[in-house]
Amino acid sequence: MPHTNIQTKTRTRARSLRNAPTRAEQKLWYSLRTLRAQGVHFRRQAPIGPYIADFACHGEKLVLE
């Protein structure tokens with residue numbers, strides 16, 4: 001989805017959520033980051049339309065909430 005379709009309010013909220021992760025999100029993020037070696041790339045607090053996904057892998061079309 002192009003960045004232009006994402007509202008500024010949603011994008012700003014996603015940034016603030018990335019800057020203040022919960023302990024559970026931190027633990028999961030460190031586990032997901034290790035998958036980059038296998039070519040799987042996750043994004044944290046990714047805005048998708050009007051929603052903000054906790055973790056999203058666009059290449060695999062996978063969202064973790």
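**Briefing on the predicted fold**

In strand 2, Ala-53 is the bridge partner of Ala-46. This pairing belongs to a predicted model, in which strand 1 (residues 43-48) and strand 2 run antiparallel to each other over 5 bridges. The protein chain as a whole contains 2 helices and 3 strands.

**Overall architecture**

- Followed along the sequence, the elements of the protein chain appear in the pattern α-α-β-β-β.
- The radius of gyration of the protein chain is 12 Å, close to the 11 Å given by the globule rule for 65 residues, so the chain is as compact as a globular protein of that length.
- The C-alpha trace spans about 30 × 25 × 15 Å along its principal axes.
- Of the contacts between residues at least 6 apart in sequence, 31% connect residues at least 24 apart.

**Surface and burial**

- The protein chain has an accessible surface of about 5,000 Å², and carbon and sulfur atoms account for 53% of that surface.
- Of the 65 residues in the protein chain, 26% count as buried.

**The hairpin**

- Strand 1 and strand 2 form a hairpin, with 2 residues lying between them.
- Within the turn, Gly-49 has a positive phi of about 65°.
- Gly-49 is also among the residues touched by Thr-10, a residue of helix 1 (residues 8-19).

**Thr-10 and its surroundings**

- Thr-10 has a relative accessibility of 11%; it counts as buried because this value is under the 20% cut-off.
- Leaving aside residues up to four places away in sequence, Thr-10 touches Pro-47, Gly-49, Pro-50, Tyr-51 and Ile-52.
- Among these contacts, Pro-47 falls within strand 1, which covers residues 43-48, while Tyr-51 and Ile-52 fall within strand 2, which covers residues 51-57.

**The nonpolar core**

- The largest nonpolar core is made up of 6 residues, namely Trp-29, Leu-32, Val-40, Phe-42, Phe-55 and Cys-57.
- Helix 2 (23-33) and strand 2 (51-57) each contribute at least two residues to this core.
- Phe-55, one of the core residues, touches Glu-25, Leu-28, Trp-29, Leu-32, Phe-42, Arg-43, Arg-44, Leu-62, Val-63 and Leu-64, again not counting residues up to four places away in sequence.
- The contacts of Phe-55 include Trp-29, Leu-32 and Phe-42, which are likewise members of the largest nonpolar core.

Conventions
Residues are numbered from 1 along each chain as its sequence is written. This is a predicted model: local features need pLDDT of at least 70, side-chain atom pairs count only at pLDDT 80 or more; totals for chains, interfaces and linings use all residues. Side-chain values use heavy atoms; hydrogens and water are left out. Helices (H or I, at least four residues) and strands (E, at least two) are DSSP runs, numbered from the N terminus. Buried means under 20% relative accessible area, exposed over 50%, partly exposed in between (1.4 Å probe, protein chains only). Contact means heavy atoms within 4.5 Å. A nonpolar core is a set of buried Ala, Val, Leu, Ile, Met, Phe, Trp, Tyr and Cys residues joined through side-chain atoms within 4.5 Å. Two strands pair if DSSP finds at least two bridges between them. The radius of gyration is taken over C-alpha atoms; the globule rule is 2.2 Å times the number of residues to the power 0.38. Accessible areas come from the Shrake-Rupley method with a 1.4 Å probe; for residues, only the protein chains shown count as cover.
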